[in-house]
Structures are given as structure tokens and as C-alpha cells.
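The following report concerns the sheet, the surface and the charged contacts of one protein model. Please consult the sequence and the structure while reading.

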Amino acid sequence: MATLPVYRWRLAPDGLATRRQLRAMGLRPGGQDVAAELQRPRRKRGPLVAYLYRVDCAKPVRPMTPARRAALARANRARRTCPACRRDAGYVIPASLGACVPCADNPN
């Protein structure tokens, strides 16, 4: 098994990008293997690691279809719906509370 090349933070060569950088360019890895590793050193813990992909092998992002858009809207609506009072809270319900803030503050 060959080891991946490792680059320090901000020193990766041109032609390699992280998933987020690819997404900002309207691309996705498209099934390609990781080409290299980017490491950002930290003082008291291990380094932060990001995987790099080749830009020339990346594929365009798949377009959002009406069905995917509807599924995403349903999923987001479910995350905003309070399980206690069944109302749309207008924000994503925190997992630490498990309910909207009024229901979490007044557990009757």
C-alpha cells in the first residue's frame, strides 16, 4: 500500500483541493481516491487533517432535482418541529434540549 503525500497547511500544490474547495468551484470528487493529505499542526493535540483530491479528475456537482429539493425541505421542517408541542419553532431544535425553548423551560 502506497502512502499518501503529506503537505503542511497552506503549502499544497496547485491542482489539489479539499471537498469544500471543490464544492466552491461547483465540483465533487466523483469517486476518485484521495490524492494527498493536508496537515495543520496544533500545540497539544494531533494535527488537523484534510484530504486533497485532484481538480482535473473532479466531476460537476449533480443538479438539485425537484424531488431532492422537496426531500430536503421535509427533513429541515422535521428538524424545526418540536416533538412536545408539534409546532414549527422557526429554528433547528437543539439536540441538548430535545424540544423548543418554551417547552424545555416549562416541562409540564
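Val-49 belongs to strand E5 of this predicted model. With a relative accessible area of 40%, Val-49 is partly exposed, because values between 20% and 50% fall into that class. Together with Leu-4 and Tyr-51, Val-49 makes a nonpolar surface patch of about 250 Å². Val-49 is eligible for such a patch because its 40% relative accessible area lies over the required 30%.

**The sheet**

Strand E5, which covers residues 48–54, runs antiparallel to strand E4, residues 36–40, and five bridges join these two strands. One position that illustrates the arrangement is Leu-38, which stands opposite Ala-50 of E5. In general, strands of a sheet pair through backbone hydrogen bonds, in either a parallel or an antiparallel manner.

E4 and E5 are part of an open sheet of four strands, in which the order is E1-E4-E5-E2 and the pairing is mixed. The edges are formed by strand E1 (6–8) and strand E2 (16–17), each of which pairs on one side only.

**Contacts of aromatic rings**

How many aromatic pairs are found? The count is zero aromatic pairs, where a pair requires ring centres within 6.5 Å. A contact between a charge and a ring is nevertheless present: Arg-40 lies over the face of Trp-9, at 5.0 Å from the ring centre.

**Salt bridges**

Side chains of opposite charge can pair when their charged atoms come close. The structure holds two salt bridges, and the table lists the distance between the closest N and O atoms in each.

| Basic residue | Acidic residue | Closest N and O atoms |
|---|---|---|
| Arg-54 | Asp-56 | 2.8 Å |
| Arg-80 | Asp-88 | 3.2 Å |

Are the partners of the bridge between Arg-54 and Asp-56 buried or exposed? Arg-54 has a relative accessible area of 38% and is partly exposed, whereas Asp-56, at 58%, is exposed. Asp-56 is placed in the exposed class because its value of 58% is over the cut-off of 50%.

In the other bridge, Arg-80 is partly exposed at 25% relative accessibility. Its partner Asp-88 is also partly exposed, with a relative accessible area of 46%. Neither residue counts as buried, because the values of 25% for Arg-80 and 46% for Asp-88 are not under 20%.

Methods
Residues numbered from 1 in each chain as written. Predicted model: local features only at pLDDT ≥ 70, side-chain atom pairs only at ≥ 80, totals over all residues. Heavy atoms only, no water. Pairing = 2+ DSSP bridges. Phe/Tyr/Trp six-rings, centres within 6.5 Å; stacked < 30°, edge-to-face > 60°. Lys NZ or Arg CZ within 6 Å of the ring centre and 35° of its normal. Patch = residues over 30% accessible without salt bridge, like charges linked within 9 Å, V, L, I, M, F, W, Y side chains within 5 Å. Areas by Shrake-Rupley, 256 points an atom, 1.4 Å probe, with all protein chains shown as cover. Salt bridge = Lys/Arg side-chain N within 4 Å of Asp/Glu carboxyl O. Buried < 20%, exposed > 50% of the residue type's maximum accessible area, 1.4 Å probe, protein only.
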